[in-house]
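Work through the exercises below with the structure in view. Try each task before reading its solution.

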Amino acid sequence: MSRINGFVGRRDLLKFASVLGLAASAFGDSFWNTEQTAVADIHPDNPNPVSPNEAIRRLLDGNQRFIHQKRKYPDQSLERLRLVAKAQYPFAAILGCADSRVPAEIVFDQGVGDLFVVRVAGNVVSDTVIGSLEYSTAVLGSQLIVILGHKRCGAVAEAIKNEPLPGRIGLIIEGIKPSVERVKLRTGDNMQNAVIANIQYQAEKLQESSTILDKLIREGKLKIVGACYDIDTGKVNIIT
């Protein structure tokens with residue numbers, strides 16, 4: 001495999017992952033569970049990774065600009081467009097709700113190539129979400145993943161109602177219900193309690209479901225944090 005700045009090149013990593021995928025299909029889950037650890041040993045080719053704490057600072061600074069209508073609209077020039085066309089090194093990854101009122105690049109005042117964004121209703125973790133976030137970290141070098149939920153989330157509200165839903169909407173809601181169970185007996189705003197619980201639950205599930213992400217966290221190369229967006233004020237609060 002070729003190396004860039006001492007790291008395995010992205011193209012070679014993707015080829016390697018493809019080979020592992022074929023092998024897993026041929027030999028079953030036991031093979032993949034073993035080889036997934038080997039993939040975790042491959043380092044991204046990002047020459048200048050941004051630390052998790054610095055990434056959080058950049059996001060919160062951008063959110064303050066957004067709240068106070070002092071946006072800089074960074075990294076949106078034609079020059080930036082041409083630069084990231086060659087390679088992308090997003091400083092953070094966001095798993096956000098697909099709600100139209102929560103566009104990550106806007107609420108954090110970031111630009112082209114700054115954020116690796118995955119959006120799905122209820123910010124629910126699934127196999128495809130995990131794979132996307134493994135790519136953003138193990139390949140592109142992002143050292144921060146933010147699970148971004150928001151106040152009055154419709155998907156969480158449906159999970160609280162616990163009523164039959166048409167089509168495949170129910171598949172999303174099923175992924176939220178465990179978090180609703182956690183707060184059934186709590187006092188206070190049941191809806192907001194469930195929103196926060198869902199953010200925390202999805203963050204836990206993400207780490208527990210990926211040996212790649214878990215290893216990066218244990219090595220100090222990745223942090224997963226929860227955050228809640230206030231659709232009334234535009235403010236993002238970090239959830240601990």
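Two exercises follow, on a predicted model.

**Exercise 1. Describe how helices α7 and α10 pack: what is their crossing angle, which hand does the crossing have, and which residues make the contact?**

Solution.
- Step 1: Locate the helices. α7 covers residues 154-161 and α10 covers residues 190-208.
- Step 2: Take the axes. They come within 10 Å and cross at roughly 110°.
- Step 3: Classify the angle. Angles of 65 to 115 degrees count as roughly perpendicular. α7 and α10 are therefore roughly perpendicular to each other.
- Step 4: Give the hand. The crossing of α7 and α10 is right-handed.
- Step 5: List the contact residues. α7 contributes Val 156, Ala 157 and Ile 160. α10 contributes Asn 190, Met 191, Ala 194, Val 195 and Asn 198.
- Step 6: Sort them by class. The contact of α7 with α10 has 6 nonpolar residues, 2 polar ones and no charged ones.

**Exercise 2. Map the open sheet of 5 strands: what is the strand order, and which strands lie at the edges?**

Solution.
- Step 1: Write the order. The strands run β4-β3-β5-β6-β7, and the pairing is mixed.
- Step 2: Find the edges. β4 (115-119) and β7 (236-239) each pair on one side only, as edge strands.
- Step 3: Add the twist. Neighbouring strands of this sheet are turned by 25° against each other on average, direction ignored.
- Step 4: Zoom in on one pair. β6 (residues 223-229) pairs with β7 in the antiparallel sense, over 4 bridges. Ala 227 stands opposite Ile 238 in β7.
- Step 5: Add a helix. α6 (residues 127-139) lies across β3 (92-96), β4 and β5 (144-150). Helix α6 runs at about 175° to β4.

How values were computed: Residues numbered from 1 in each chain as written. Predicted model: local features only at pLDDT ≥ 70, side-chain atom pairs only at ≥ 80, totals over all residues. Heavy atoms only, no water. Axes fitted to C-alpha atoms, helices over the stretch in contact; angles between N-to-C directions. Helix = DSSP H or I, 4+ residues; strand = E, 2+ residues; numbered from the N terminus. Parallel < 35°, antiparallel > 145°, perpendicular 65-115°, else oblique. Left-handed = near helix turned anticlockwise from the far one by under 90°. Contact = heavy atoms within 4.5 Å. Nonpolar A, V, L, I, M, F, W, Y, C, P; charged D, E, K, R; others polar. Pairing = 2+ DSSP bridges.
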